[in-house]
Amino acid sequence: MIRSLQRVVRSLGVLLVVVGLTFAIFYVAPIDPALRMCGKPCSPEDLEAARGFMGFDQPWWVQLGTFLAAIFTGRTFGSADVVVECAAPCLGYSFQLHQSVTELLADRFPVSLSIALGAVALQAVLGIAAGALAARRQGGILDRVVTGVSVIAASAPAFVVGLLAVVVFALRLGILPSGGYQPFSEGPLEWARHLVLPWATLAFLNGAIYARLVRSSMIEQLGLDYVRTARATGLSERRIDGYALRNLALPLTTLIALDIGALLGGTVITERIFGQPGLGALLLDATATADLPVIVGTTLVGSLLIVLANLSADLARPLLDRRLAVGRRSSRRPSTPALPDQNPQENPS
Amino acid sequence: MSTPDELLLLHDLQVRIAGRSIVTGLDLTVRAGRITALVGESGSGKSMTALATIGLQPRSAQVSGSARLGGEELVGRSAQEMRRTRSREIGMIFQEPGQSLSPVMKVSTGFRHVLAVREGIRSRARAAARTRELLTSVGLPDPDRTAASYPHELSGGELQRVVIALALSGDPSLLIADEPTTALDVTVQRGILDLLVRLVDELEIGVLLITHDMGVVGEIADDVVVLKDGDVVETGPVRRLLAAPEAPYTQALLSAVPRLSESLERVSSTAADRPAAGGAAADRPAADGDVEGTAANSADGPGGEPAALADGPGGEPAALAAEPLVVRVESLSVEYHRRGGSHRALEDVGMEIRRGEIHGLVGESGSGKSTWGKALAGLVPAQARTLELDGVDPRTLGAAGRRAAYARVGLVFQDPASSLNPRRTVGWSIGEPLQLAGNVPRTEIARRVKHALDVVRLPASYTSRLPHELSGGQRQRVSIARALILEPALLIADEPTSALDVTIQAHVIEVLRDAIEATRFACVFISHDLAVVGSLADHVTVLRRGRAVEQGTAGEVLGDPQHEYTRALLASVPDPARRLREGDGTAA
């Protein structure tokens, strides 16, 4: 319990550092958002006014404090005649898009969520199955195919694989749409049809990691004593595969959680290739237009998702392997013959 | 051909791997209600025989000959048929109980899977009831707690009982036990051996017991097959074979086994030989000003736990008493801090060792015996009232002085295979401590490496060999040579022979003893094996859960143990000749 709390606190610390670092972008970047806002021609007075409106006239620690406070309380930019409201979980305001960053993220998040969940599910299933099959037929043709494909997949750039997929399946065969996003609410079938290519592309690229991890760990597990004992009792090979995979649950869960976290935060290249308006595309657009509040907000949320995924994987560890559950060292070794332990000085002589 | 009580009949069984013969024509019979032991040293092919019998040999292995189980031929069956045979007719027990069960599964889950296959039990309730029945039958006092546990929550003895219970499911007629007690403490081993004997009697099953330990054979086997390099050397009933072994190899094997009875003779005879007397030893503290007490009573802690013995009769040999003290430790404690608490590995233990003396440290796993060695070598932080190595307290020295002081301590570990750098030559490994010491010319290093090899009786040509070209015993001798190269005042040998075969063990012990005779360093010999300690040590300390329960000369501790735990340990040591002496053997 205390360990879990420590982990949570540590995660919060990590997030704070990320906020600090992303916030530093404001100062390091050779961009002045106020300059963009004040229009042309921009007199020094207008610039100063814009700065004041956006809150950039304050010292950096005040800005950081205001930013953090706004996440909980919301924030109002400007004063008197022109006022921009940014509601409670306020992660900044895009003065270019005239929308709060939170709203922008909320618009885009379902897209990234759709991509992430489908892709991770697909890559985990395919990768684990391929790895397990290869381990079972170690040295065989299937093993060589899996190993070979996974080397290609692990080293292929996402844009090559993605563009190939578009060319083949959308343009040549014409069986799938080349891009675009259909909300789930407007029909699950269309939603899925539009996502098949991004899912498959990501699953192909990331599934290779699963296949290789599972292959090598399965081979290791199948050589362990407990597998030999299980075989000696006459258990079926399928059951033994189950035993081995159950022992791999720990590393696999960590991998899956991290992948979900990373994909939720947006996949820049995949989203761009398949025209998916997710968080990655948002980040890319914001970078192109130097929309700093959006960049900071997206980065922050992306990191938050990764930290959360990491945290949940950490917290799940003791559930998957009881050996990691400390503080639960239940009564061990009471078995040796009951001998008086307390009075060794008793000396009958 | 086979009479009804012949359960397993191996005839001319051969196993070849990649063209190399592992087992060459083995004949062996296991009868119902009897234990047949297959004895051999590592590499003799005994485990491969077991695996080939149950069809679990490595894929590259070719098995030929005949293995009949209840009259039915097993060799040549398909994998599916062998699996069915294993699930119905054979139970198998392996060496490492701690690794025999999947670590992420409760015991009860494993039983449910196995019972579904071996007894066709599908319902959870019936599986739970049968699990409880089986766990009770192997003497587990609280079967429900055991079933609800994960493997890491159980002790080694409990785990081995769980594995035996698994093997007994489906009521097999044959049990194959491959080194079932090798990884266990002696007192636990005793319990498992008793259990096997009881099961054989009650269930009328046959057991094929595979072991390297003649003591275990002498304790429970009925028939013995001695295997060497895949060849049967001798076969016979246990009484005949132990009392009058015919083959030279069997004789060598038996004579190499350290026996407690012989150790005691040695201890008492050396005590008698030397003109030592308890009186002289008792006087010594008064006569010798700088010695505060004997090894025995220096262990008294301030908080009170006098560790037992005043010098008894047959006390310390005067020849040793004249030597200077190399180790003087009083009331040493070691505490390990973990997250969520601390653990006292050693509490209030003291020891004095003189030059040329071997101090045996005996204890079961978790007793803190290895920690003691590490504490003396400065590898773990320890608190102690007095801590002197060769007359100086390393704690009072600066970093450099401390390093120099601890450099006077040599270390030898259990597993010679992993304690030598596999990519460096033997000569390099032995000379490394000298190189680290610096300022030693190359020619001098080479000369001393040669000398060290000579001390451990290896030819000088071995300097250019790599560890994998050496046998286990040779590697351990290289480890000893490396520990001796800095001419230590104290050698700490932590289970130096536990990973070795008996014949090699005897040789390594001899080398060690001769080295001590020749260069007269002090030695802490850490072992779980009372017989080995008895055959070597001058003084003995018995550790239990971090405390010294008994301390004194080897003659006192082993010959006339005062503490109940020492007695239990002594009674648990398997002895090849015990049943012969007691005359209650069942062998015909």
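Two strands pair if DSSP finds at least two bridges between them. Helices (H or I, at least four residues) and strands (E, at least two) are DSSP runs, numbered from the N terminus.

Before you start: this is a predicted model, where local features need pLDDT of at least 70, side-chain atom pairs count only at pLDDT 80 or more, and totals for chains, interfaces and linings use all residues. Residues are numbered from 1 along each chain as its sequence is written, while chains are lettered from A and ligands numbered from 1 in the order in which they are written.

**Exercise 1.** Work out the strand order of the six-stranded open sheet in chain B, and find its edges.

*Solution.*
- Step 1: Walk across the sheet of chain B and you meet S15-S16-S17-S13-S18-S19, with mixed pairing.
- Step 2: S15 and S19 (547-553) of chain B sit at the edges with a single partner strand each, so one side of each has no neighbour in the sheet.
- Step 3: From one strand to the next, the twist averages 15° (axes are lines fitted to C-alpha atoms, for helices over the stretch in contact, and angles run from 0 to 180 degrees between N-to-C directions).
- Step 4: Zoom in on S13 (residues 358-362) and S18 (residues 539-544) of chain B: they run parallel and are joined by four bridges. In S18(B), B:Val542 is the bridge partner of B:Val362.
- Step 5: Helix H22 (residues 564-572) of chain B packs on the sheet and touches S18 and S19 of chain B (contact: C-beta atoms, placed from the backbone, within 7 Å). The direction of H22 makes about 100° with that of S18(B).

**Exercise 2.** Decide whether helix H18 of chain B is largely enclosed or not, and say what covers its buried residues.

*Solution.*
- Step 1: H18 (residues 472-484) of chain B has 13 residues and reaches 18 Å from its first C-alpha to its last, close to the 18 Å expected (1.5 Å times one less than its number of residues).
- Step 2: Count a residue as buried if 20 or more other C-beta atoms lie within 10 Å of its own, exposed if 12 or fewer, and partly exposed in between, with C-beta atoms placed from the backbone.
- Step 3: Twelve of the 13 residues of H18(B) are buried, so the helix is largely enclosed by the rest of the structure. Among them are B:Arg475, B:Arg477 and B:Arg482.
- Step 4: The cover includes strands S15 (409-412) and S16 (490-494), plus helices H16 (426-437), H17 (442-455) and H19 (502-519), of chain B.
- Step 5: For the chain as a whole, 52% of the 588 residues in chain B are buried.

Conventions: Contact = placed C-beta atoms within 7 Å.
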